[in-house]
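Welcome, and thanks for taking a look at this chain with me. Please open the structure below, and we will go through one helix and then the wider picture.

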Amino acid sequence: MRGMQSTRWAVLLAAMGVSLGSCKDSTAPAVVPTEITLSQSVLTLGSIGSSQSITATVKDQNGRVIPSPGLIWTSSITGVADVSPAGVVTAIGVGTTQITARADTARAHLLVTVPGRIVIQAGNNQAVPAGTAVSARPAIRVTDLGSTPVVGISVTFAVSGGGGSITGATTTTDAQGVATVGSWTLGASPGTNTLTATVNGSGFQGNPATFSATGTGGQSFEIEVRYTSDLGSGQAPTTAQRAAFTAAAQRWGEIIVGDLTDLVLQVEAGSCAGWNRPALDEQVDDVIIYVLLEPIDGPFGVLGSAGPCFIRNSDNTAVMGVMRFDTADITRMETNGTLGAVIQHEMGHVLGLGTLWGLFNLIANPSRPSSPGVDTHYTGSNGIAGFDLIGGLNYSSGSKVPLENNAQAGSADTHWRESVLAAELMTPAINAGTNPLSVLTARSLQDMGYAVAASQADPFSITVNVMAGANVLSAQELLLDDVIRAPVHVLDRSGRVVRTVLPPAR
């Protein structure tokens, strides 16, 4: 066989004018390709479809460079990269393959890598009662480094911490490069649960991807916090910031103790209080809040804003809403210790405090830009009883319960009056130190149809001296324009929008 190969190379070389010896010396040795050197031994192609030409140098048994017209190129995994007869290597898919250049018995190898990237698409950092399934199914997206989807690659999901179980553990990426687990049920004990998604192949950055979820301690009312950054919108919160959102949701779950009516939220993509939300098709229990961290207006302006975008037709309780925070302010609030209170305050707006009072006819004598300073007040019987419990029994400076009446957009009519309630959580300013969630706020939720445990409210009282003058000077952070004034869609139990409530005119 080797003689035949050598003869073939001799014929090829002779045709190219390469002498194999004197015509008078028929015993001259044949030219045998012995060594091949490639222009490089390692190659990385950054995106599917990209290519690069590789040059091969062939030497004979005497170390002389010879032409290589019969050089043969092959790829060990053509689904990763292929090679042309001229040595042009082209990326076909993500992974690693070996390109071989062969001439007679000589060989040279090139290691080719087409890197991929794995990112979490949805379903990370959820909080649901221990032993229950998360509502947003974890999903990853697989692409090359140029963001081209990798289609049809196998992905394996596996529980890696906290117990629990999954369905649809093995799946493949779709036309967008997305792979989604069938379901994920958390372990029976409260705490952190983790889930991994492993792409079955080499060369992927972020492989495996790890999802985290918190199994909560059995509160009957649950707020599920989701981050729009997981959907590619806004800045991702830090671990400490996520903890602050989780703590705020758990605190409201201590005040609201009644489970809300489950419903199927099945709506096309659209606006949610100004944020372009994705399409939704899931069962909701009890409230979903999306958190969007983005630039708004620079430091010390609008710190954030919030409001509901879907409510139940049965009782007008919140189904889903959004909270926006200015990235120019959030680090400062962490540093001065007010971030937790600001988050808790804005979460109250999503639940309906201030944002849905008008829908329940709980506001009397609303203020207007043309009539600032009118005696705007809250009329709910439970809220008034709560106000009396914190020192408002003998309040005589106006009607109970006084609401902010300075006619400032997003503050007037939607907060307790700062000059009377001072450090209470739902006034339009967050104070240095504590900002109690008082029985007044708890009882206001009761006026809106929530079952509450008023005994879980923070200790708080007002005095005649506090009621006599404004207390804004003690504010650490002013909540300017922090109520999102946007249409609120009302859903029946099957998730259909039956009507839309427009914000009141200003």
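## A well-covered helix

Let us begin with α7 in this predicted model. Val-439, Leu-440, Thr-441, Ala-442, Ser-444, Leu-445 and Asp-447 of this helix are buried. That makes seven of the nine residues in the stretch 439–447, so α7 is mostly covered, with buried meaning under 20% relative accessible area.

Which elements do the buried residues of α7 pack against? The partners are the helices α2 (239–255), α4 (339–351), α5 (381–392) and α6 (418–421), along with the strand β31 (377–378).

## The two ends of α7

At the N-terminal end, Ser-438 acts as a cap for α7. One of its side-chain oxygens sits 3.2 Å from the backbone nitrogen of Leu-440. On the other side, just after the helix, Gly-449 adopts a positive phi of about 100°.

## Overall form

Now for the chain as a whole, which contains eight helices and 35 strands. Its radius of gyration is 34 Å, whereas a compact globule of 506 residues would come out near 23 Å. Along the principal axes, the C-alpha atoms fill a box of roughly 130 × 40 × 40 Å. As one example of a separation within the chain, the C-alpha atoms of Gly-337 and Ser-75 are 60 Å apart, with these positions 262 residues apart along the sequence. Gly-337 belongs to the loop between α3 (330–336) and α4, and this glycine is exposed, at a relative accessible area of 61%.

Contacts across the sequence are also worth a look. Taking contacts between residues at least 6 apart in sequence, 64% join residues at least 24 apart.

## Surface and charge

Of the 506 residues, 47% are buried. The accessible surface of the chain comes to about 20800 Å², and carbon and sulfur atoms account for 53% of that area.

How many positive and negative side chains does the chain have? There are 26 positive and 37 negative ones, and the centres of the two sets lie 11 Å apart.

## Backbone details to check

Most peptide bonds are trans, and most residues other than glycine have a negative phi. With that in mind, here are some places to inspect.

Two cis peptide bonds come up here. One joins Asn-207 and Pro-208, with omega about 0°, and Pro-208 is placed in the loop between β20 (204–205) and β21 (209–216). Another joins Asp-285 and Asp-286, with omega about 5°; Asp-286 lies in the loop between β26 (280–284) and β27 (287–294).

Where are the residues with a positive phi that are not glycine? Ala-422 has a positive phi of about 50° and is found in the loop between α6 and β32 (429–431). Ala-422 has a relative accessible area of 8%, which means that this residue is buried. Asp-481 has a positive phi of about 45°, and its place is in the loop between β33 (475–478) and β34 (488–491). Asp-481 is partly exposed, with a relative accessible area of 35%.

Terms used
Residues are numbered from 1 along each chain as its sequence is written. This is a predicted model: local features need pLDDT of at least 70, side-chain atom pairs count only at pLDDT 80 or more; totals for chains, interfaces and linings use all residues. Side-chain values use heavy atoms; hydrogens and water are left out. Buried means under 20% relative accessible area, exposed over 50%, partly exposed in between (1.4 Å probe, protein chains only). Helices (H or I, at least four residues) and strands (E, at least two) are DSSP runs, numbered from the N terminus. Contact means heavy atoms within 4.5 Å. A polar contact is a pair of N or O atoms within 3.5 Å; within protein, one must be able to donate a hydrogen and the other to accept it, and residues adjacent in sequence count only if both atoms are side-chain atoms. The radius of gyration is taken over C-alpha atoms; the globule rule is 2.2 Å times the number of residues to the power 0.38. Accessible areas come from the Shrake-Rupley method with a 1.4 Å probe; for residues, only the protein chains shown count as cover. Lys and Arg count as positive and Asp and Glu as negative; His and the chain ends are not counted. The place of a charge is taken as NZ of Lys, CZ of Arg, CG of Asp or CD of Glu.
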